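Thanks for sharing this one. Here are my notes, in numbered points, to read with the structure open.

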Amino acid sequence: MLIGTIVYSRTGATLDFADRIAQKLRERGHAVELTVLKTDGQVRPPRPKDFRLVNVPDCEKYDAVLIGGPVWGFTAAAPVIACIQSLKGVAGKKLLPFVTMGFPLEAMGGTRAIEAMKQAAQGVGAIVMPGMIVPRLFRRQSRLKDIAAQRISEWFVD
Ligand SMILES: Cc1cc2nc3c(=O)[nH]c(=O)nc-3n(C[C@H](O)[C@H](O)[C@H](O)COP(=O)(O)O)c2cc1C
């Protein structure tokens, strides 16, 4: 499969997760195209208003799409939601949302972020897959990312 992976990341944590997911998918024989979302304007978390996404990929060419970003203010970062809402070519395709977060419990924003991303994805006609949340459990985030990346790769079989 050709899997489009789109990530928004301010401090690199979600980008690091996306890289690990891409690596696991490639090990399974998939082709992965990674897009790191860029914005125009001032993105002031947690509730940025005036920004524009400058490099949302056309998803027509992908067989499936993964999209991820950080949890901000107990929900998904606004650029991620805006990106999903603007996606073209995802109708009828699998879309998997993923997030990283700073707190240790998924209930501290992760669950709500994934729900918001799923709702946006349904709005553009995607087939929404289970979301993946990586919290920060003391120093274990690296290990949790590897476990989550492995699980995601197992959900994609040709
Ligand atoms: C403004 C702001 C709000 C945040 N709100 C939350 C939150 O509600 N829950 C949480 O677990 N982490 C929160 N975080 C932490 C980030 O989700 C976490 O550091 C994430 O891994 C950063 O990802 P990135 O490096 O890809 O930007 C917040 C961070 C910022 C900057």
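1. A definition to begin with: helix axes at an angle under 35 degrees count as roughly parallel. Please keep in mind throughout that this is a predicted model.

2. Helix α2 (residues 78–86) packs against helix α3 (residues 110–123) at an angle of about 20°. That angle falls under the 35 degrees just mentioned, so α2 and α3 are roughly parallel to each other. Their axes lie 8 Å apart, and α2 passes α3 in a right-handed crossing.

3. The other helix pair to look at is α1 with helix α4 (residues 141–154), where the angle is about 40° and the axes are 8 Å apart. The pair α1 and α4 is therefore oblique. Here too the crossing is described by its hand: α1 passes α4 in a right-handed crossing.

4. Which elements each supply at least two residues of the shell around the ligand? They are α1 (13–27) and β5 (64–72). The largest share of that shell, 3 residues, is provided by β5. So when you inspect the site, α1 brings together two topics of this note, since α1 contributes to the ligand shell and also packs with α4.

5. There are 19 residues around the ligand, and those that come nearest are S9, T11, T14, V71 and F74. Sorted by class, the shell has 10 nonpolar, 7 polar and 2 charged residues.

6. Polar backbone atoms deserve a look in this site. An oxygen atom of the ligand sits 2.7 Å from one in F74; for R10 the distance to a ligand oxygen is 2.8 Å, and for F103 it is 2.9 Å. Taken alone, the ligand exposes 650 Å², and the protein buries 80% of that.

7. F74 is worth a second visit. This residue is in the loop between β5 and β6 (75–76), and its phi is near 65°, a positive value in a residue other than glycine. Most residues other than glycine have a negative phi. F74 is also among the residues that come nearest to the ligand, and a polar backbone atom of F74 is 2.7 Å from a ligand oxygen. I would view the backbone angle and the ligand contact together.

8. Finally, what kind of peptide bond joins P45 and P46? The bond is cis, with omega at about 5°. As a general rule, most peptide bonds are trans. P46 lies in the loop between β3 (39–41) and β4 (51–53).

Note on methods:
Residues are numbered from 1 along each chain as its sequence is written. This is a predicted model: local features need pLDDT of at least 70, side-chain atom pairs count only at pLDDT 80 or more; totals for chains, interfaces and linings use all residues. Side-chain values use heavy atoms; hydrogens and water are left out. A residue is near a molecule or strand if one of its heavy atoms lies within 4 Å of it. A polar contact is a pair of N or O atoms within 3.5 Å; within protein, one must be able to donate a hydrogen and the other to accept it, and residues adjacent in sequence count only if both atoms are side-chain atoms. Accessible areas come from the Shrake-Rupley method with a 1.4 Å probe; for residues, only the protein chains shown count as cover. Helices (H or I, at least four residues) and strands (E, at least two) are DSSP runs, numbered from the N terminus. Ala, Val, Leu, Ile, Met, Phe, Trp, Tyr, Cys and Pro count as nonpolar, Asp, Glu, Lys and Arg as charged, and the others, Gly among them, as polar. Axes are lines fitted to C-alpha atoms, for helices over the stretch in contact, and angles run from 0 to 180 degrees between N-to-C directions. Angles under 35 degrees count as roughly parallel, over 145 as roughly antiparallel, 65 to 115 as roughly perpendicular and the rest as oblique. A crossing is left-handed if the near helix is turned anticlockwise from the far one by less than a right angle, and right-handed if clockwise.
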